[in-house]
Amino acid sequence: MEKNNNRKSDLSIVSKDLASLLQSIGSTRSVKKGTFLFQEGEDAKELYLIKSGIIQISKVTLYGDELNLRICQKDDLIGELTLFSENANYMLSAYTLEAAEVQVIPKDLLEKELINHAPLTFEFMKWISTHLRKNQSKIRDLVLNGKKGALYSTLIRISNSYGELIENGILLNIHLTNQELAKFCAATRESVNRMLSDLKKKNVISYSPDGKIIIKDLQFLKNEIGCDNCPKDVCNID
């Protein structure tokens, strides 16, 4: 998995005061590649600010399929983002795709600081709301449009996070295997293979010499899923 140096991290889109507050709380922890930082169902007592590495956020569906929701990198904040609630559990899992270092932020300490800074509390709640919209829209695409719709919306989201405009379309400048794409759709690798092959036959996508996807007809994908044209800060995989 490649880092996207052009993406906007969570810290980059909040105020300097809120970013400074988040960076001032907690201690540092190293996490090995291929391990879970936290798993769905565990007690949620901490938030995590990523200092290095790449962490995948996912959820297991009712049918036991893994659904990837985010690919998080440096300066992203992850964890159970609801504050001021007792006995919360993680609703998602965090798995390290690349060895990571995170700042561990105890929720109770963050809550105490926010109580004393009302404007920052309001800003933090607005930021949480945006993240909830992101996750809800991804799950909605899967529920309403099925695995094909989930794949199409995933391609659109990747284009917003990693897309580069080139002569014949939008290059998705990231190497993702079909197995990795499948996890963004709660689908099998074989079904993603078939759907991508069908899109290629319809001249909706093609491939660069090094195997990256090029979207040649973005509007086709949007029409197929009834795209709401959400802003890019919601429609992405970051």
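**Sheet packing, salt bridges and surface features of the predicted model**

Phe 84 is partly exposed, its relative accessible area being 39%. The model described here is a predicted one, and within it Phe 84 is located in the loop that connects β5 (77-79) with β6 (93-106). Together with Ile 115 and Met 125, Phe 84 makes up a nonpolar surface patch of about 290 Å².

An open sheet is formed by four strands in the order β7-β8-β10-β9, with antiparallel pairing. Its edge strands are β7 and β9 (205-207), each of which pairs on one side only, and from one strand to the next the twist averages 35°. Within this sheet, β8 and strand β10 (residues 213-215) run antiparallel and are joined by two bridges, with Ile 215 in β10 serving as the bridge partner of Ile 170. Two helices lie across strands of the sheet: helix α3 (residues 118-162) lies across β7, β8 and β10 and runs at about 80° to β8, whereas helix α5 (residues 189-201) lies across β9 and β10 and runs at about 100° to β9. The loop between β7 (163-166) and β8 (169-172) contains Glu 167, which is exposed, with a relative accessible area of 85%. Although Glu 167 and Leu 218 are 51 residues apart along the chain, their C-alpha atoms are separated by 14 Å.

A second antiparallel pairing involves strand β3 (residues 46-60) and β4, which are connected over six bridges, including the one in which Val 60 has Glu 66 of β4 as its partner. These two strands form a hairpin with five residues between them, and Gly 64 in the turn adopts a positive phi of about 85°. Of the seven residues of strand β4 (residues 66-72), six are buried, so the strand is largely enclosed by the rest of the structure. Leu 67, which belongs to strand β4, is buried, with a relative accessible area of 6%. Beyond residues up to four places away in sequence, Leu 67 touches, among others, Ile 57 and Ser 58, as well as Ile 139, Leu 142, Lys 183 and Phe 184. By contrast, the C-alpha atoms of Leu 67 and Ala 44, 23 residues apart along the chain, are separated by 20 Å.

Eight salt bridges are found when the whole structure is searched. One of the pairs consists of Glu 46 and Arg 29, whose closest N and O atoms are 3.6 Å apart; because Glu 46 lies in strand β3 and Arg 29 in strand β1 (residues 27-31), this pair ties together parts that are 17 residues apart in sequence. Glu 46 counts as partly exposed at 22% relative accessibility, and Arg 29 likewise counts as partly exposed, at 32%. A further salt bridge is formed between Glu 66 and Lys 183, with the closest N and O atoms 3.6 Å apart, and it links distant parts of the chain, since Glu 66 in strand β4 and Lys 183 in helix α4 (residues 178-183) are 117 residues apart. Glu 66 is partly exposed, with a relative accessible area of 27%, and Lys 183 is partly exposed, with a relative accessible area of 30%.

In the salt bridge between Asp 210 and Lys 212, the closest N and O atoms are 3.9 Å apart. Asp 210 counts as partly exposed at 44% relative accessibility, whereas Lys 212, at 9%, counts as buried. Elsewhere, Asp 10, Arg 70 and Asp 76 are joined into one network by salt bridges that share partners.

How values were computed: Residues are numbered from 1 along each chain as its sequence is written. This is a predicted model: local features need pLDDT of at least 70, side-chain atom pairs count only at pLDDT 80 or more; totals for chains, interfaces and linings use all residues. Side-chain values use heavy atoms; hydrogens and water are left out. Patches are made of residues with over 30% relative accessible area and no salt bridge: like charges are joined within 9 Å, nonpolar side chains (Val, Leu, Ile, Met, Phe, Trp, Tyr) within 5 Å. Accessible areas come from the Shrake-Rupley method with a 1.4 Å probe; for residues, only the protein chains shown count as cover. A salt bridge is a side-chain nitrogen of Lys or Arg within 4 Å of a carboxyl oxygen of Asp or Glu. Buried means under 20% relative accessible area, exposed over 50%, partly exposed in between (1.4 Å probe, protein chains only). Two strands pair if DSSP finds at least two bridges between them. Axes are lines fitted to C-alpha atoms, for helices over the stretch in contact, and angles run from 0 to 180 degrees between N-to-C directions. Contact means heavy atoms within 4.5 Å.
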